Amino acid sequence: MNPLLLFLIPILPLFGGVINVCFGSRLPHRLVSGLSVAAVSGSFLLATLLWPLGSGEGTRVVLFSWLKSAGFQADVGILFDPLAAVMTLMVTGVATLIHLYAAGYMAEDESPARFFALLNLFVFAMLCIVLADNLLFLFLGWEGVGFCSYGLIGFWYRNSKNASAGRKAFIVTRIGDLFFAIALLWLFSAFGTVMIEQINARVAELDPLLLTGLTLLLLGGACGKSAQLPLMSWLPDAMAGPTPVSALIHAATMVTAGVYLLCRMFPLVSLSPTGMAAIALVGALTALYAASCALAQREIKRVLAYSTMSQIGYMFLAVGVGTVSGAMFHLLTHAFFKALLFMGAGCVIHLAGGENDIYRMGGLKEKSPQVFWLFLVGILCLAGTPLTGGFFSKDAILLTAFAAGDGFYATLWGIGVLTAGLTSFYSFRLLYLVFFGTARQAGQGHAPSPLMLWTLPPLALLGLCTGLLNLPHLFGGHEWLTLWLGQPMAEMLPVGTEIGLLFLMLIFFVGGWVIAHVRYRTFPGDEQAGWRSFLLSGWQADRVYELILLRPYRAICRFCWQGGDKALIDGVMEGLARLCLHWGDYVRRLSNGQVAFYLQGFAWGLLLIVGWFLLASVK
Amino acid sequence: MIVPLEHVLYLSAILFLLGLGCVLARRNLIMILIGVEIMLNAVGLTLVGASAFWQQIDGQIMVVFLMAMTSAEVSISLAMVVYLNRRKGTVDVRAFDELRG
Amino acid sequence: MATVLFYLLGLVTVIATLLAITRRNPVHAVIYLVNSFFALALLFYLLGAPLVAAWEVIIYAGAIMVLFLFIIMMLELAPTPEADRMGPTWWQWLPVLLLALALVGCTLMLIGVDAGVAQGVPRWYATPRDFGFALFGKYALAVEVVSFQLLFAAVGAFYVGKPERKRRQKKEEGA
């Protein structure tokens, strides 16, 4: 098989996107969406066919040299190693289903060309991140993802709230991008290359302090894209975009990019204990924070958004405790069930007649049993119900964290377990509020189109069964994914401990479920307690930012504007101008049109010259 | 040299200043031009004096050019005087102040 | 002798100029100026520039000053005859007379100076031969430039001096 075919994987969506950009507005609606679906599914087929190329060391192919100057080289090259292969397959697969879903969801929209073009470009940019063999090319995709997310989150830009959500996503992730860009330049100055393979092979040469700095910078970049503390505030607002976009951002692209970057640079990251601890800490704290916020959210998509943040936190924790396979495993299962949940949520919103608030839903189980069962699968996976994919992947991470031993990681493990309990609670709360109880929605909903509905079962199946990919030994599995990624096997804990931990997890899961069952089995009425609004607003994160960042920034800006620009610069300029004007009024009188007066000027000049000569000769 | 060069220069300086005084003091266009002529002649005297001092002919040549230039200047400026007089009916420079700022 | 002459002539020049620039009547001013220029021409001669002295008289005192007189008369700038009806009084004439006398005296003394030259006092002066060689050899280009300037001046004077009405007519015909 020609390895160059690998390039078709990103190029197909690019091609689809470019065609839609150029001609989409003149093409019929169905052709636009069909083209974009075809492009992405073509990538998916290719990724499947070319899977063998990713085994072992992987395949590296270069299409052409992008930038080349003395000592610096960046190619448009692809590194298709096991990690990239898994990621590519997941991205293209999930993206294909989401595209199909979007074709149904956006059937009535007025500018499908823009939507599908951006969607395709989004996938293209993500594939650049996944496949790039050097950091500069990766950075190109990284920025592309940022741009496309901006365009898609603010897709319905006529509503200023949506537009500002898009801007927020763009700006907040841009802060992370800055860290990544610094790391990129620093890496180049340290190694003289931006090739991922070469950097990873030569990390041992580096000074530990430098390594820690680089790791923290990469973490900063990853935090921005993956919506981790403290750069998380854009993600809940990103719900302003159309539902397929949310699904794409949360499942296949964008937020997983940060995790993927850390996995890609794992040989570098893993050498810095401080950096690893920071990654784990950020992950665990974000997981807890987001789960707590999800407890009180009212909008269905915001609940899911916070759950995404929380699950990505688990992935960071996994990277931080040193298990790339755990992170990738959770990334895969999460991608499947989160896409399922979001697309399910889209169906739910259609069923509820465009209602977003879960307190105004309810009783949808009778209305559409199919949606209920599919959504239930997603919820079960999210909550970590035993034997679903989400259970195994989450469990693997927590076990590794526990096995890491010392007090710090044990605390993180504790946070993880607590978060698992919270996750279980809010998942079932969502389920109960939406599907059980009495119908509270005002509008008359309509059933989702078949195209939307039929994209869900494959995801449900995948979400349930991905656990088999990396089944731990305890359950008689062989950790196939870990083998494929060439990662070391998880440390074997004593079987008794492991069973005990699993049991603990189970207790937390059941506990969350039971509390949710008791409280939300029947609708409890609107809840407006103070701590709820605190959680609802995401711990007042926006207000905190307002206080500690925006206010000082605005103050500085106002100072620069009023003090610097207006008072100082304008003042000086206008003062000078006024001075010139004022004096000019006097000087103007010199130009009185009298020839004699001008001649006198000559004479004075002559006197000056003669006087000068006289002075010079006297000396 | 019949007299020290300084004395020639003194004389020409006096003449030049007289011309300058005329240019500055008089309001009659004709008189101003006469002042200019005096100044030019003072310069000519300097050149001739210098020529005599160094016993070089170049100074005198300069005076010839000076004269040629003066005749050109006078012809133009007198034509201007005629023109200006035709416009305003006077040769008083105070009347011509259209360039007032 | 020549030295004395120089100072005398210098005095004449200064006084004549002083009188010239203080006259109310431009005609008088021009006449005094001609006087001054004659003295200046003699000075030139004393300083070894006979040719320049000659041209000073011909061009300056002769041509340029006459041109001034023409213009003054053409524009009727001189005070009207009523102002001068009684004729010039003697004290009005006195300065001119004195100046003229001084000039004459100086000229006479010049002859004495030349006698001194004849007695063998070596005195440098530019011969017309030297002058010609320098003017048309070393300064040939400058001569050409100056001649162009004179041409332009003639054309310019012709244009400026033309009556307005005629000029406008010409323009309209051209258009």
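# Exercises on a predicted model

Helix α23 of chain A, residues 495–520, is where Gly511(A) is found. (Helices are DSSP runs of H or I with at least four residues, strands are runs of E with at least two, and both are numbered from the N terminus.) This is a predicted model, so local features need pLDDT of at least 70 and side-chain atom pairs count only at pLDDT 80 or more, while totals for chains, interfaces and linings use all residues. Residues are numbered from 1 along each chain as its sequence is written, and chains are lettered from A and ligands numbered from 1 in the order in which they are written.

**Exercise 1.** Decide whether Gly511(A) is buried, partly exposed or exposed.

*Solution.* Start with the rule: a residue is buried if 20 or more other C-beta atoms lie within 10 Å of its own, exposed if 12 or fewer, and partly exposed in between, with C-beta atoms placed from the backbone. Next, count: Gly511(A) has 14 other C-beta atoms within 10 Å, so Gly511(A) is partly exposed. To place Gly511(A) in the fold, look across to Ser424(A), 87 residues away along the chain; their C-alpha atoms are 8.1 Å apart.

**Exercise 2.** Describe the secondary structure and burial of chain A.

*Solution.* First, the elements: chain A has 26 helices and two strands. Then the burial: 52% of its 619 residues are buried. Finally, the contacts (two residues are in contact if their C-beta atoms, placed from the backbone, lie within 7 Å). Of the contacts in chain A between residues at least 6 apart in sequence, 81% join residues at least 24 apart.

**Exercise 3.** Work out how strands β1 and β2 of chain A pair.

*Solution.* Two strands pair if DSSP finds at least two bridges between them. Here β1 (residues 59–69) and β2 (residues 72–80) of chain A pair in the antiparallel sense, over nine bridges. For one register point, find Arg60(A), which stands opposite Leu79(A) in β2(A). Now move to the turn: this hairpin has two residues between the strands, and Gly71(A) takes a positive phi near 80°.

**Exercise 4.** Check the span of helix α3 of chain A against the expected value.

*Solution.* The expected span is 1.5 Å times one less than the number of residues. For α3(A), residues 82–105, the 24 residues should span 34 Å, and the end C-alpha atoms are 34 Å apart, which agrees. As for its surroundings, 23 of the 24 residues of α3(A) are buried.

**Exercise 5.** Describe how α15 and α17 of chain A cross.

*Solution.* Two packed helices are described by the angle between their axes and the distance between the axes. Axes are lines fitted to C-alpha atoms, for helices over the stretch in contact, and angles run from 0 to 180 degrees between N-to-C directions. The axes of α15(A) (residues 324–351) and α17(A) (residues 369–383) come within 9 Å and cross at roughly 145°. The crossing is left-handed, a term for a near helix turned anticlockwise from the far one by less than a right angle, clockwise being right-handed.

Then list the residues that meet: those of α15(A) include Phe337(A), Leu341(A) and Val348(A), and those of α17(A) include Leu374(A), Gly378(A) and Cys381(A). Sort them by class: Ala, Val, Leu, Ile, Met, Phe, Trp, Tyr, Cys and Pro count as nonpolar, Asp, Glu, Lys and Arg as charged, and the others, Gly among them, as polar. The contact of α15(A) with α17(A) has twelve nonpolar, three polar and no charged residues.

**Exercise 6.** Find out where Ala227(A) and Gln55(B) lie and whether each is buried or exposed.

*Solution.* Most residues other than glycine have a negative phi, and most peptide bonds are trans. Ala227(A), though not a glycine, has a positive phi of about 55°, and phi of Gln55(B) is near 55°. Ala227(A) sits in the loop between α8 (208–226) and α9 (234–237) of chain A, and counts as buried because it has 30 C-beta neighbours inside 10 Å. Gln55(B) lies in the loop between α2 and α3 of chain B; with 12 other C-beta atoms within 10 Å, Gln55(B) is exposed.

**Exercise 7.** How many residues does chain B give to its contact with chain C, and how many to its contact with chain A?

*Solution.* Begin with chain B itself, which has three helices and zero strands. For chain C, the contact takes 47 residues from chain B and 51 from chain C. α1 (5–25), α2 (29–54) and α3 (58–88) of chain B each supply at least two residues, and α3(B) gives the most, with 23. By class, this side of chain B has 32 nonpolar, twelve polar and three charged residues. For chain A, the contact takes twelve residues from chain B and ten from chain A. Here the side of chain B divides into six nonpolar, one polar and five charged residues.
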